[in-house]
Amino acid sequence: MIMLCVIAGKILNPSFYDNTTHHIASEANGWNLILVNRDNYIPDDYKVQLTELSNGKKVDSRIYPELQEMFDAAREQGYGLFVREGYRTQEEQQQLLDEKIEAYENDGKSKSEAKRLAEQWVAIPGTSEHQLGIAVDINADTTKSSSDDVYNWLAENAHTYGFIKRYPSNKTDITGVINEPWHYRYVGKEAALEIYSQGICLEEYIDMLE
C-alpha cells in the first residue's frame, strides 16, 4: 500500500500572494483540471470524497485507482517508492506555515521577515494542491532505489496513469514554484499525455483550453 507523511511545497516568491483580492479557481474544465496556484485560490465550498490508505492518510477517491496502478507498475519494475504526502486540510496547511514561521522567529528573524521566508517554503493555505486531494509527493525508498532513479521513472511514465510533474524546473517563471521532482498532480490520462508530449505545464495547458 502507498505510504504517506508530510512535506511542504516550496513557493518561489511569496510576493505573489500580496494582493488582498484573490481569484477563485474555476472547475469549468472539470475537477481534474482545476487550476490552483498563487493566483487562484481553492473555492470555499470545494468538496472532496476521500479514500483512506493503510496508514490513515487520504487521497481523493477518484485518483486512487490510477495512483495505485502507477505504484504497482513502478514496483514491478524494481523501483522502491512511497508517497510522502496526499490530502491536507486547510488547518493542516496553516499549521505547517505557522510552524515554519515560528522556526524562523526562533532563529532571530522579525515576525514579518519570518513570514516572508516561511512563505517561500510552505504554500499559503488555500493555494496548496494538497488541499484538493489530487496531488501527491512521491519519494524513493532509498534502501531499494535512488531518488534520481525514481524521479526519472516518474518523469517518463507518470503521464501514462494520468499524472503530471506539476512543477518542472524550466517552468518556474510560470508556476511560481521551485522545481519539485517529487510533486505529481492528477489531470487525467488525456490531458497528461498532451502536457507531457508538448513539454508544457498545467497553466499553459489551461490557457490552450480557453
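# Why these labels?

Q: Why is Asp39 called partly exposed?
A: Asp39 has 38% relative accessibility. Buried means under 20% relative accessible area, exposed means over 50%, and partly exposed is what lies in between (1.4 Å probe, protein chains only). At 38%, Asp39 therefore counts as partly exposed.

Q: What kind of model is this?
A: The model is predicted, so local features need pLDDT of at least 70 and side-chain atom pairs count only at pLDDT 80 or more, while totals for chains, interfaces and linings use all residues. Residues are numbered from 1 along each chain as its sequence is written, and side-chain values use heavy atoms, with hydrogens and water left out.

Q: What makes the contact between Asp39 and Arg38 a salt bridge?
A: Their side chains meet at 3.7 Å, N to O. A salt bridge asks for a side-chain nitrogen of Lys or Arg within 4 Å of a carboxyl oxygen of Asp or Glu, so this pair makes the cut.

Q: Is the partner, Arg38, buried or exposed?
A: Arg38 is buried, because its relative accessible area is just 15%.

Q: How do you know that Glu119 and Lys115 are joined by a salt bridge?
A: The N to O distance between their side chains is 2.5 Å. Glu119 is buried, given its 6% relative accessibility, whereas Lys115, with 42%, counts as partly exposed.

Q: Which other salt bridges can you look for?
A: Glu85 and Arg88 meet at 2.7 Å, N to O, and both of these residues are buried. Then there's a network of salt bridges that links Glu129, Arg166, Arg185 and Glu203. By this rule the chain's count comes to nine salt bridges.

Q: What makes the negative surface patch?
A: Asp98, Glu99, Glu102 and Glu105 form it. Patch members have over 30% relative accessible area (Shrake-Rupley method, 1.4 Å probe, with only the protein chains shown as cover) and no salt bridge, and like charges are joined within 9 Å. Nonpolar side chains (Val, Leu, Ile, Met, Phe, Trp, Tyr) would be joined within 5 Å. Asp and Glu count as negative, Lys and Arg as positive, and His and the chain ends are not counted; a charge is placed at NZ of Lys, CZ of Arg, CG of Asp or CD of Glu.

Q: Why is Glu102 called partly exposed?
A: Glu102 comes out at 45% relative accessibility, so it counts as partly exposed. You'll find Glu102 in helix H2, residues 90–106.

Q: Why is the chain called as compact as a globular protein of its length?
A: The chain has seven helices and eight strands (DSSP runs numbered from the N terminus: H or I of at least four residues, E of at least two). Its radius of gyration, taken over C-alpha atoms, is 17 Å, close to the 17 Å from the globule rule for 210 residues (2.2 Å times the number of residues to the power 0.38), so the label fits. Of the 210 residues, 49% count as buried.

Q: Why is Tyr151 called buried?
A: Its relative accessible area is 14%, so Tyr151 counts as buried. Tyr151 lies in helix H4, residues 147–157.

Q: What about Asp149, buried or partly exposed?
A: With 40% relative accessibility, Asp149 is partly exposed. Asp149 is found in helix H4 as well.
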